[in-house]
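This report deals with the empty spaces of one protein model, then with a helix pair, a charged pair and some backbone details.

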Amino acid sequence: MLDLASVRIAGYNLEVKDDDGFIGDRASQGAFRDLLDDWRKRCRDRGDADPFGKLPSRKLSKKRIDKALEDAPNVGSDLVNGAIEEFAIGLTQVIQRFMRQKSWKGVQRIVVGGGFPESDAGERAILEAAALCHVQELPVQLARLRHEVDDGGLIGWVHLAPAHFVEHDDALLALDIGGTNVRCGVVRFRRDKAEDLSRADVVWREKWRHADDKPSRAGLVEQLARMLEEAIDFAHSKKIKLAPFVGIACPGLIREDGTIARGAQNLPGDWAADTFHLPTRLRERLPLIRHQPTQVLVHNDAVVQGLSELPFMRDVKRWAVLTIGTGLGNASYVNARVVKAGAKKR
């Protein structure tokens with residue numbers, strides 16, 4: 001798929017179907033909310049009061065769901081725990097099916113990211129799935145993303161950006177476009193702290209929940225440009241030597257020319273239209289950085305989020321990422337060489 005200096009991206013946006021449709025759809029945040037709805041319906045069918053009232057589960061906040069777990073034991077915690085157990089079973093089945101696919105053969109570790117694991121319910125579901133993988137003797141470990149979820153989809157760009165930017169500049173601009181939120185950030189390389197870029201960090205970040213505002217495609221692109229302009233202003237004010245580069249993480253299958261083939265249906269408007277090229281739209285809208293035209297690249301959001309873990313995955317040959325958010329993102333990787341724990345990294 002794509003060879004970098006130390007890792008090969010073996011595949012991403014893997015789509016596996018059975019008689020009931022795409023199996024990945026059973027391991028998204030929406031799938032968990034639908035399971036919770038099922039448990040609430042059973043509660044009402046028994047004649048018991050629904051502790052969450054009339055609001056559909058997809059409209060419940062993460063805090064409200066987690067609060068039910070904090071107040072356990074109660075009816076609400078029983079319902080949430082029932083949904084967690086079912087979701088964990090579904091996630092384990094997805095992992096089993098993915099590991100039968102060519103691009104996932106031999107995967108030894110799976111990093112789980114996305115917004116869902118950031119909640120208490122999500123974290124418990126991942127832990128239960130890890131336990132089920134162990135019980136079923138699946139030869140794979142489940143690990144959590146080391147960075148904050150809002151940072152992972154930005155930091156991964158330090159491994160995808162052209163090497164001369166990483167060597168000669170201080171930071172780059174990155175966007176992470178999801179079905180619910182957009183994140184924009186200034187990402188420092190910090191090569192003086194770690195040559196392998198394991199200390200890269202986000203020094204400025206803005207998050208916009210576009211799902212609430214429901215913008216048009218053109219409106220979303222305009223807001224992306226405004227966020228990037230604010231990021232440029234911040235870098236200038238802090239005397240950060242910014243690379244003339246923007247990395248965009250986006251859901252879906254991305255063609256080599258930066259257009260989206262499919263998989264961006266959760267974004268407003270038609271992002272797969274032949275006439276829509278996001279890198280060009282933003283490049284035309286942005287000011288010059290250090291008097292140079294800005295290079296804009298697009299890649300799949302799961303790929304980018306997974307690459308934020310690259311420095312910490314050197315001890316295995318094959319690894320993967322699952323991002324549980326509005327949908328289920330996925331990517332798999334093969335390291336060029338394995339560095340055993342305790343060995344010096346290069």
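What follows takes up the pocket and the cavities, and afterwards turns to packing, pairing and backbone geometry.

The model is a predicted one, and every value below was computed from its atoms.

**Pocket and cavities**

The second largest pocket encloses a volume of about 540 Å³, and among the 21 residues that line this pocket, those closest to its centre are Ala5, Ser6, His159, Leu197 and Arg314. Sorted by class, the lining of the second largest pocket is made up of twelve nonpolar, two polar and seven charged residues.

Apart from open pockets, the structure contains two cavities of 30 Å³ or more. The table sets out their volumes and the residues that line them.

| Cavity | Volume | Lining residues |
|---|---|---|
| Largest cavity | about 40 Å³ | Gln29, Phe32, Arg33, Lys62, Ile65, Asp66, Phe116, Ser119, Ala121 |
| Second largest cavity | about 40 Å³ | Gly258, Thr259, Ile260, Trp271, Phe276, His277, Leu278, Val298 |

In the largest cavity, the helices α1 (29-45) and α2 (62-70) each contribute at least two residues to the lining, and the lining as a whole divides into four nonpolar, two polar and three charged residues. For the second largest cavity, the corresponding division is five nonpolar, three polar and no charged residues.

**The contact of α2 with α3**

Helix α2, which helps to line the largest cavity, also packs against helix α3 (residues 75-98) at an angle of about 110 degrees, and the two axes are 7 Å apart. Since angles from 65 to 115 degrees count as roughly perpendicular, α2 and α3 are therefore described as roughly perpendicular to each other. On the α2 side the contact involves Ile65, Ala68 and Leu69, which meet Gly76, Ser77, Val80, Asn81 and Ile84 of α3. By class, the residues of this contact comprise five nonpolar, three polar and no charged ones. Ile65 has a part in both settings, given that Ile65 is listed in the lining of the largest cavity and also takes part in the contact with α3.

The loop between α2 and α3 is the place of proline 73, and the peptide bond that leads from alanine 72 to proline 73 is cis, with omega near 0 degrees.

**A charged pair**

Side chains of opposite charge can pair when their charged atoms come close. The structure holds 28 salt bridges, one of which joins aspartate 150 to lysine 207, with the closest N and O atoms 3.4 Å apart. Aspartate 150 belongs to helix α5 (residues 149-155) and lysine 207 to strand β9 (residues 201-208), so this pair ties together parts that are 57 residues apart in sequence.

**A backbone detail at arginine 290**

Which sign does phi have at arginine 290? Although arginine 290 is not a glycine, its phi is positive, at about 50 degrees. Arginine 290 is located in the loop between α9 (278-285) and β13 (295-300).

How values were computed:
Residues are numbered from 1 along each chain as its sequence is written. This is a predicted model: local features need pLDDT of at least 70, side-chain atom pairs count only at pLDDT 80 or more; totals for chains, interfaces and linings use all residues. Side-chain values use heavy atoms; hydrogens and water are left out. On a 1 Å grid over the protein atoms alone, a cavity is a set of points where a 1.4 Å probe fits but cannot get out, and a pocket is an open set with protein on both sides within 12 Å along at least five of seven lines; lining residues have an atom within 4 Å of a point. Grid points are joined across faces, edges and corners, and a volume is the space filled by probe spheres set on the points. Ala, Val, Leu, Ile, Met, Phe, Trp, Tyr, Cys and Pro count as nonpolar, Asp, Glu, Lys and Arg as charged, and the others, Gly among them, as polar. Helices (H or I, at least four residues) and strands (E, at least two) are DSSP runs, numbered from the N terminus. Axes are lines fitted to C-alpha atoms, for helices over the stretch in contact, and angles run from 0 to 180 degrees between N-to-C directions. Angles under 35 degrees count as roughly parallel, over 145 as roughly antiparallel, 65 to 115 as roughly perpendicular and the rest as oblique. Contact means heavy atoms within 4.5 Å. A salt bridge is a side-chain nitrogen of Lys or Arg within 4 Å of a carboxyl oxygen of Asp or Glu.
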